[in-house]
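Here is a note for you to read with the structure open beside it. Please take the points in order, and find each residue for yourself before you move on.

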Amino acid sequence: MQLVFATNNENKIKEIKSALGNEFEILSLKDINCLEELPETQETLAGNALQKAKYVSENYGVNCFADDTGLIIEALNGEPGVYSARYAGEDRSATKNMEKVLDKLQKSKNRSAYFETSIALIINKEEFLFSGVAKGEITKELSGKDGFGYDPIFKPNGYNKTFAELSIEEKNTISHRGKAFKKMCAFLLNKS
Ligand code: IMP
């Protein structure tokens, strides 16, 4: 089955290809010549995922899915949450976002946080939602070079490494998006 992943993030495309194996042919937005920025103006992760998937499904007539992820930090009352991408401003800099988090948590002993991903899937105009959570804590400094976004400052529970120090396969097994992808994959395999 061909499915469009409504994202321009090459890291996410790599992650899903590694998670789904050869069962599905995953196309990116570039592959269908969708070059515009997708609307993402809702106040929840599920709302944003559905908004992006609907846009692609309605404008390009394809079966597709979109994800939206937030980092929820307990000591910051759930920030940055749905605003994770633009936490330090409109230029979406991962380094500035991480610096802002570390700065705000400077005096905090409570470093608990979790990532949450919502995935919206649209198949033949029918909508389905999946979610996944990865619990862990925010480190005191950046560590590791792999991954993207907040990976260098997020240490998943049970590991002594940040997401940025894990291989893509290891991250997929325990990550928010990996878990949500797996649920979607099981659903798709069951359906076909
Ligand atoms: P979005 O869902 O792609 O809009 O991601 C929202 C924000 O969370 C962006 O700043 C991403 O870089 C960050 N983000 C999404 N997924 C991950 C992840 O797996 N690890 C670290 N940061 C992530």
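1. Start with strand β1, residues 2-5, which pairs with strand β2, residues 25-27, in the parallel sense over three bridges. To find this pairing by eye, look for valine 4, which stands opposite leucine 27 in β2. Please keep in mind throughout that this is a predicted model, and that the pairings and distances described here are computed from it.

2. Which strand other than β2 should you look for beside β1? Two bridges join β1 to β3, and these two strands run parallel. Valine 4 is again a useful landmark, as it stands opposite cysteine 64 in β3. Valine 4 therefore deserves a second look, for it faces leucine 27 in β2 and cysteine 64 in β3. As general background for reading any such sheet, side chains in a regular strand alternate between the two faces of the sheet.

3. Following the chain from β3 towards β4, you will come to asparagine 77, which is placed in the loop between these two strands. Asparagine 77 has a positive phi of about 50 degrees, although it is not a glycine. Another point of backbone geometry to check is the cis peptide bond that joins glutamate 79 and proline 80, where omega is about -10 degrees. Proline 80 itself belongs to strand β4, which covers residues 80-81.

4. Next, please turn to strand β5, residues 112-123, and strand β6, residues 126-138, which run antiparallel and are joined by 12 bridges. One pair that you can locate here is alanine 113 of β5, which stands opposite glycine 136 in β6. The two strands form a hairpin with two residues between them, and asparagine 124, in the turn, has a positive phi of about 45 degrees.

5. What is the sense of the pairing between β6 and β7, parallel or antiparallel? Strand β6 pairs with strand β7, residues 154-156, in the antiparallel sense, over three bridges. In this pairing, the bridge partner of glutamate 137 is lysine 155 in β7.

6. Now consider the ligand, which sits in the largest pocket. Of the 14 residues around it, Lys12, Thr69, Asp151, Lys171 and Arg177 come nearest. The residues of this shell divide into four nonpolar, four polar and six charged. Both β3, residues 64-73, and α5, residues 176-191, supply at least two residues each to the shell, and it is worth recalling that β3 is joined to β1 by two bridges.

7. Finally, look at individual contacts with oxygen atoms of the ligand. A polar side-chain atom of lysine 12 lies 2.5 Å from an oxygen atom of the ligand, while for threonine 69 it is a backbone N or O atom that lies 2.7 Å from a ligand oxygen. In aspartate 68, an N or O atom of the side chain is 3.2 Å from an oxygen atom of the ligand. The protein covers 90% of the 470 Å² of accessible area that the ligand has on its own.

How values were computed:
Residues numbered from 1 in each chain as written. Predicted model: local features only at pLDDT ≥ 70, side-chain atom pairs only at ≥ 80, totals over all residues. Heavy atoms only, no water. Near = heavy atom within 4 Å. Polar contact = N/O pair within 3.5 Å; in protein donor to acceptor, adjacent residues only side chain to side chain. Areas by Shrake-Rupley, 256 points an atom, 1.4 Å probe, with all protein chains shown as cover. 1 Å grid on protein atoms, 1.4 Å probe; cavity = no way out; pocket = protein on both sides within 12 Å on 5 of 7 lines; lining within 4 Å. Sits in = over half its atoms within 2 Å of the grid points. Helix = DSSP H or I, 4+ residues; strand = E, 2+ residues; numbered from the N terminus. Nonpolar A, V, L, I, M, F, W, Y, C, P; charged D, E, K, R; others polar. Pairing = 2+ DSSP bridges.
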